[in-house]
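Student: I am new to this structure. Can we go through it step by step, with short questions and short answers?

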Amino acid sequence: MNLLLFLFAALAAPVWAANGELDQANKLYEASKFAEAAAEYQALAAADPLDPAAHYNLGNAYFRLGGAGDLARAIASYQRAFALSPRDPDVRHNLDFALRRAGETLVPTGMPSTAFVLFHLLSRTELAALHWLGLWALLLLGSAALFREGWRRRLQPWLLWAGIFWAAAGGWWALLAWTDIQAPGVVLTGDAEVRSGPGLNFPVSFKTPEGRRVSVLDEKEGWLEIGVLKEGLRGWLPADQVERI
Amino acid sequence: MNGSLLALALLAQPTLAQDFNVSATVNRTQITLEEQVVLAVTVSGTSASLPEPKLPPIPNFNIHGAGQSHNFSFVNGVMTNSAEYRYVLVPRFPGRALIGSITATSGGTTRQTAPIEIAVLKHAPAQAAQPPSAPAPPPQQQPLPQAAAPPQRGAPGMPRNSSGFGPDLYVTAEVDKRNPYVNEQVLLTVRFFTAVQLMGNAEWRPPTTQGFLIEDIPPGQPYQAVEHGRRYSVSEIKMALFPAQAGELTIGPSSILCQVQQEMNVDPFSPDFFQRFFSSGLMQVQTKELKTKPIVLRALPTPVDGKPASFTGAVGRLRVSAEADKRSLKVGDALNLTVTVEGTGNLKTLGEPVLPETAEFKRYDTVSTVNLAKDGAGVRGSKVFKTVLVPRASGRLRIPAIPVSYFDPARREYATAETRPLEVEVAPGAAQAPAPAYVASSPQGGATITQLAQDIRHIHGPRRQGPVRWAAALSRSLWLHLLLSALFLLSLGSFLHQQRLLNDPAGARFRQALGKAEARLEQARGSPQEAAGLLSDALSDFLGDKLNCPRSGLTLKQAQGLLRSRFPKMPDGHLDQLKRLWEEIDLSRYAPGASGDAGHIIDGVGELLRALDEAMKR
């Protein structure tokens, strides 16, 4: 019991402390002091990376700032909020709104939006936790069944359900991880020149708009090899032109 | 309607769906040789950059630029831009003169005006002069040099014939300064002196120059002056020149072409006297070209010392003012900031004033327009810079003073003019306001909502944390992983152990024999009265388990025989010891008191059992 109380307090303490700071940052935002609000939200997100509100509000502040690279930073922040809280309709709306400005959509073309929402009903963290819970249930029930022969028959249905639950959660988790952008990043500059090699001596292969989501494939001497998912292209960009998510 | 009297020749092309249009107007379509025409060419469009019009050759007129003005507005995201170029046309000959199509070209698109016809009369008609049809030219547009009227006969000091003291015609050129600074205005004045009747107006050919930016200036009013003891009609032509570089610069010769009447030397006894007399009279027309001398200037660079950071090369005397089109607005609304720089000097090349950086406003590109006025003193006017600012924050925001630095050649020092700082009241909430919606009535009588704009949704306040925090904590609970895995492994080990025992009972008895026997020995130590029985059980149980035979009824002889057969390498000493202890135990069981110390027997049995167990493992 004491252990549970301690765990609860340990998890909740930073949340209570951050709520006051979030209020403060929100007041700055509502006074249209977006730059100051962004700095506050950034500090909050750095202190507690699991707070979706800090990432979401940071995305809003960047979006309102509207300077060079701010759309991309807004998309990166919304993407982090979406990873933590995929069921939040506001997060989905703002991420989609910002992505459309960068020439993308949240729901892939051809996929029904309901299917997308269902597929992203649970975050990867939540699915990982469910997968572990299933595994632990299997271990506990299995231990009990092994330990005493008399319990074995009675625990058999429970073992079956725990196994199904574990396999479903693990499979969903793996599928989500496989379909998500691997090593994601966002291009910070408009008309960023993507070259065929890591250096200015290589020709420009193509240009990407600001805010385009990319997959970071490799890194070499201040350059990142990126893959642009929508167009299926890859090339090299200076590392300071990409924000990793 | 007095449309014809207005003499307005608005000859714009029809408005097409293009970026720009060009139109031309003249203030009069009928003039005398002593008058002038003001031609206004307007280029208008919806882009910030408009092309300059190109005049066709107009041989019947001398053309003088008389300034230009721009009008630019940016309202609700729609840009309108127009530029008017004014020219003063001085007729050279009487007759019908045609101003051909004036063209403007931008991005491969060419627009042109329709030709304009002007009637140039030698003298004004008998009736009242033609009233002006368009607004009078601006005050700086002075009359052009006209056909120089011959000096009035009988006027004091006026020579009676062309063979007076001075020449009949001559031309001079002078500049107001010989050592100007780079970009400082130099006024070139060309004076045309004539004491004889000209046939029409003279043609002016401007000088060839290199290293100057040139603005021509409308000609001034002809006047009369006495030079070299003779009265002349004097026409002045002026040009403003701005040195573009330091060093020696030359203003080349300019020329004036004119036609004068001269008496012919006619021989009255010539056979063709009458033919020539009746065809052209006793006068003949002669074309004369007069040239000015080249002028050499030495342009000086502006001083290096004391040059302000905001200096961009302006030379002259400038004033600057700033105006915002609104003083109260909301965050995200656009504000037009107009910075006007006015004064004398080369305003065309004036650089954009540097707006101090401020995080409270988002700044968009600046668009500039030039309005020039020209008179005898040179070029003056204004350059207007329009910038769209969008406030990012609410409250009373301040647009700082905007400096414009220039070099004042009269004082030979740099000066900086500044605007007054402007304050605007910015209300919050516009940017984060919900998307505006328009509610209209539907034909069915209900209300329909039409969304007019989309925006991001509002920020989140502190709210109950979702399960992600717990999920992350669970996923990272390594100790729980280890604990449950260990528990499972333990259970599995126990299970496997049990399975092994079940599958090999003889082996299990063999492995557990010593342990069970030692437990009995310990028991025997605790109860001396029952020690003999317990020792007998321990020994027989041990042997039964090891030899996998029933322990009940096991005799010493059977035991020795089985030990020898199953374990051939068993030492004889162990078997002897077994026999001795067996007999001692039997003795103590059936003849209590005859046997020795029970503790000694227990120790001996213990040692024997361990020795046998060891020997059996080999």
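Student: Is Arg411(B) buried or exposed?

Tutor: Keep in mind that this is a predicted model. A residue counts as exposed when its relative accessible area is over 50%. Arg411(B) has a relative accessible area of 56%, so the residue is exposed.

Student: Which residue forms a salt bridge with Arg411(B)?

Tutor: The closest N and O atoms of the pair are 4.0 Å apart. The partner is buried, with a relative accessible area of 4%. That partner is Asp408(B).

Student: How many salt bridges are there over all chains?

Tutor: Some of them share partners: Glu193(A), Arg195(A) and Lys207(A) are joined into one network in this way. Over all chains, the count is 36 salt bridges.

Student: Which residue forms a salt bridge with Asp90(A)?

Tutor: Asp90(A) sits in helix α5 (residues 89-101) of chain A, and the pair crosses between chains. The partner lies in the loop between β30 (447-451) and α3 of chain B. The closest N and O atoms are 3.2 Å apart, and the partner is Arg457(B).

Student: Why does Arg457(B) count as partly exposed?

Tutor: Buried means under 20% relative accessible area, exposed means over 50%, and partly exposed is in between. Arg457(B) is partly exposed because its relative accessible area is 34%.

Student: How many residues does the contact take from each chain?

Tutor: The area buried between chain B and chain A is about 4300 Å². Carbon and sulfur atoms give 65% of that area. The contact takes 53 residues from chain A and 42 residues from chain B.

Student: Which element gives the largest share of the side of chain B that touches chain A?

Tutor: Between the two chains there are three salt bridges. The count of residue pairs in polar contact is 16. On the side of chain B, α3 (468-475) and α4 (478-503) each supply at least two residues. The largest share, 11 residues, comes from α4(B).

Student: How many residues apart are Glu104(A) and Arg213(A)?

Tutor: These two form a salt bridge, with the closest N and O atoms 3.4 Å apart. Glu104(A) is in the loop between α5 and α6 (113-119) of chain A, and Arg213(A) is in strand β4 (residues 213-220). Both Glu104(A) and Arg213(A) are buried. The pair links distant parts of the chain, 109 residues apart.

Student: Which residues form a nonpolar patch on the surface?

Tutor: Together they have about 360 Å² of accessible area. One of them, Leu160(A), is in helix α8 (residues 149-179) of chain A. Leu160(A) is exposed, with a relative accessible area of 54%. The patch is formed by Leu160(A), Trp161(A) and Ile164(A).

Student: How far apart in space are Ile237(B) and Pro206(B)?

Tutor: Ile237(B) lies in strand β15 (residues 230-243) of chain B. At 6% relative accessibility, Ile237(B) is buried. In sequence, Ile237(B) and Pro206(B) are 31 residues apart. In space, C-alpha to C-alpha, they are 9.5 Å apart.

Student: How many helices and strands does chain B have?

Tutor: Chain B has 618 residues, and 42% of them are buried. Its secondary structure comes to nine helices and 30 strands.

Student: And how many helices and strands are there in chain A?

Tutor: Chain A has 245 residues, of which 47% count as buried. Its accessible surface comes to about 12200 Å². Chain A contains eight helices and seven strands.

How values were computed. Residues numbered from 1 in each chain as written. Chains lettered and ligands numbered in written order. Predicted model: local features only at pLDDT ≥ 70, side-chain atom pairs only at ≥ 80, totals over all residues. Heavy atoms only, no water. Patch = residues over 30% accessible without salt bridge, like charges linked within 9 Å, V, L, I, M, F, W, Y side chains within 5 Å. Areas by Shrake-Rupley, 256 points an atom, 1.4 Å probe, with all protein chains shown as cover. Salt bridge = Lys/Arg side-chain N within 4 Å of Asp/Glu carboxyl O. Helix = DSSP H or I, 4+ residues; strand = E, 2+ residues; numbered from the N terminus. Buried < 20%, exposed > 50% of the residue type's maximum accessible area, 1.4 Å probe, protein only. Contact = heavy atoms within 4.5 Å. Buried area = accessible area lost by both parts, 1.4 Å probe. Polar contact = N/O pair within 3.5 Å; in protein donor to acceptor, adjacent residues only side chain to side chain.
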